[in-house]
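I opened this entry to follow how the strands of one sheet are put together, and then to look at a single loop residue beside them.

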Amino acid sequence: MLEESVKERLVKFIKASGISVNAFERKAGLSVGYMRQLRCEPSPTKLKNILDAFPQLNDQWLLTGEGGMLRTAPDDMSTPIKSLTDGVPYYDVDFLLGFNEIDGPGAANPEYLIRMPGYDKATLWCNASGHSMEPEINNGDIIALQRIEDFSFLPFGDLYGFITTNGMRTIKRLGRSLQPGHYRLIPTNRDYDEQDIPISAIACVYRVMGAMKAF
């Protein structure tokens, strides 16, 4: 069996991300048609652009095929530390199953605080529930969420947690909808369907910064 090229792994990543090749090229600052013209692997400069634009992409997997496609934490991640005095609040609730909107650490009582490099700007940690984002985010993972106050513009291709005006909650990758005034919500797991949502129906948005196994 022939070894996969970096280009072939990039194509796999683009498909798994649920974005178009054009959207991938735009976000990475690449010229239109770059992926079509790419022979085997990007130059070091282009590779850096891609990894900067998609920090969730595991560079070791991209270059060698070893490990998983996605990284779920920064390179300098140390063991997460539970604390009662310093860190980002962790709420032992599921985002999809009964997670109530929390305006800040003082709005409810967290179980404890989590200190971990790279996640100090998160608003809170909570549990992920469901299978629609596997293998990117697995059922039972703990996710770091950052509240977005102004969600009039959101970059396509990123992961977000949405709370709707009627109380529905979901984590999906954001895509462009063909319907004016709508967003398209894209699951990683292809057993689940994509769906459009009116932007006017969104009450709250969190950016998904990363995920880790429960500890």
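**Notes on the sheet and a loop residue**

I began with Tyr90 and looked up its partner in β4, and I found that Tyr90 stands opposite Trp125 there. I kept in mind throughout that this is a predicted model.

I then asked in which sense β2 and β4 pair, and noted that β2 and strand β4, residues 124–127, pair in the parallel sense over two bridges. A further entry for β4 is Asn127, which is the bridge partner of Asp94.

Next I turned to β3, where I found Tyr112 opposite Tyr90. Strand β2, residues 88–94, pairs with strand β3, residues 112–115, in the antiparallel sense, and three bridges join them. I reminded myself that strands of a sheet pair through backbone hydrogen bonds, in either a parallel or an antiparallel way.

Stepping back to the whole sheet, I recorded 10 strands in an open sheet with mixed pairing, in the order β1-β3-β2-β4-β5-β10-β6-β7-β8-β9. Its edge strands are β1 (81–83) and β9 (195–198), each of which pairs on one side only. From one strand to the next, the twist averages 45°.

Last, I looked at Thr123, which I located in the loop between β3 and β4. Which residues is Thr123 in contact with, leaving aside its neighbours within four places in sequence? I listed Val88, Pro89, Leu145, Gln146 and Arg147. For Arg147 I also noted that its backbone nitrogen lies 2.7 Å from a polar atom of the Thr123 side chain.

Conventions: Residues numbered from 1 in each chain as written. Predicted model: local features only at pLDDT ≥ 70, side-chain atom pairs only at ≥ 80, totals over all residues. Heavy atoms only, no water. Pairing = 2+ DSSP bridges. Helix = DSSP H or I, 4+ residues; strand = E, 2+ residues; numbered from the N terminus. Polar contact = N/O pair within 3.5 Å; in protein donor to acceptor, adjacent residues only side chain to side chain. Contact = heavy atoms within 4.5 Å. Axes fitted to C-alpha atoms, helices over the stretch in contact; angles between N-to-C directions.
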